[in-house]
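Here is a report on one strand and on the place where two chains meet. Have a look at the model first.

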Amino acid sequence: MEDEVVLLDFWPSSFAMRVKIALGEKGIKYKCKQEDLFNKSPLLLEMNPIHKKIPVLIHNGKPISESLIILQYIDQVWNHKSPLLPSCPYQRSQALFWADYIDKKIYGIGRRVWMGKEDQEEAKEELMQCLKTLERELGDKLYFGGQNIGVVDVALVPFTTWFYSYETCGNFSIEAGCPKLVAWAKRCKENYRSVSEALPHPLQIYEYVMELKKRLGLV
Amino acid sequence: MAVVKLIGAWPSAYCYRVIWALKLKGIPYEYIEEDLSNKSHLLLQYNPIHKKVPVLLHDGKPICESTVILRYIDEIWPQNPLLPADPYERAVALFWIKFADDKVFLLSKLYQTDGEEQQAAVKEWLEMLEVMEEHALIGGKKFFGGDEINMVDMAFSFVAHWLGILEDVVGLEIFEPHKFPRVSSWIQNFKSIPIIKENLPDVDKMYAFSKHGREMMLASKSN
């Protein structure tokens, strides 16, 4: 029986991009369904009744929500190639720690940067601190996963397509503060088709952000 | 020399999860009490990113974040598993653990606020209890883990023990057992397990600690 894999997606979402990268890495065929987050489909409400959020992976009719959980599910089920998590338990715990760190910090702080309200300056500083911390963790490695991308790379790289929006809305340069991290993002896109295909162009994200800001009455 | 050490703080709901996991699996460990108002060099060295407890040290290697720690423990010592092996069941368990983890802050939100902010916290508590009742505990299971407790039960432990104490501190009844029969049943079952019952912070001590924290907060607000 062939697997049926459906992804409930929203193209600017960094969280959804993570899942697309993982599916790409594993060579999994799937149907991608775009959601309108201002008009959520009955399918989304049925598949994720608690949070009503994307991404949701539906595998043979069964829904899995929360992007990092989806990544681990994909890694466990399709374990024939491109492992996302290290096999050593200690290294796995460190990878999960950093993935959790990225989850706790980047989206929320980044949002405060592009929204451009009174706390923007504070948010910019926090963002740079987090990115510098991540850059230190990367060190001299090619990728957070070592020689190949792993769950931490997949968790973080989608946010890099939002960097242009953060920088333009906040009037600052991320590359100036974190050149190695920006180089790492470039490397991911150049060497991994799954990454370059999953990430929209930064200008598309910026266009979306500006539309969203208008909609929220922020411009 | 102990191979496993746990740096914890007695009021912290997160730390007990690790204690329960280690005891369930029969793993001997050395416990190091941390004074969170005066963080030790040890804590700052082993958790420089978050500077929080719990921190597990295994052969001197630190693991931080209680859910990450529990998963590590589960992999190193597979007896009495804390997560399902089936990928889908596991994903569902991880979903509920994250849900619970994202709600633990409601403990502080309840006793460290007053007025409108506190009312908003009460509303969020009721919404969370509804989700537990209507979605997480369906199927007539004794525990989230089925017949035995697992990591999901441990993640929701803050509802089983800490909520009741804080309700007394703030003088509000949020959890009405007749409104949440499944949650109520689960709480009774969970707290009757010896390893859980014997490893919970003393109610009076926790009450005094939280009451003091609340008084300090209210005092600083009025200044």
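How many residue pairs are in polar contact across the interface of chain B and chain A? The rule finds 7 such pairs, both residues at pLDDT 80 or more. A polar contact is a pair of N or O atoms within 3.5 Å; within protein, one must be able to donate a hydrogen and the other to accept it, and residues adjacent in sequence count only if both atoms are side-chain atoms.

Keep in mind that this is a predicted model, where local features need pLDDT of at least 70 and side-chain atom pairs need 80 or more, while totals for chains, interfaces and linings use all residues. Residues are numbered from 1 along each chain, chains are lettered from A, and side-chain values use heavy atoms, without hydrogens and water.

There are also 3 salt bridges between the chains (a Lys or Arg side-chain nitrogen within 4 Å of an Asp or Glu carboxyl oxygen). One pairs Lys98(B) with Glu66(A), with the closest N and O atoms 3.6 Å apart.

Now to strand β1 of chain A (strands are DSSP runs of E, at least two residues, numbered from the N terminus). 5 of its 5 residues are buried, so β1(A) is largely enclosed by the rest of the structure. Buried means under 20% relative accessible area (1.4 Å probe, protein chains only). Two strands pair with β1(A), pairing meaning at least two DSSP bridges:

| Partner of β1(A) | Bridges | Direction |
|---|---|---|
| β3(A), residues 56–59 | 4 bridges | antiparallel |
| β2(A), residues 31–34 | 4 bridges | parallel |

Leu7(A) stands opposite Leu57(A) in β3(A), and Asp9(A) has Gln34(A) as its bridge partner in β2(A).

Conventions
Buried means under 20% relative accessible area, exposed over 50%, partly exposed in between (1.4 Å probe, protein chains only).
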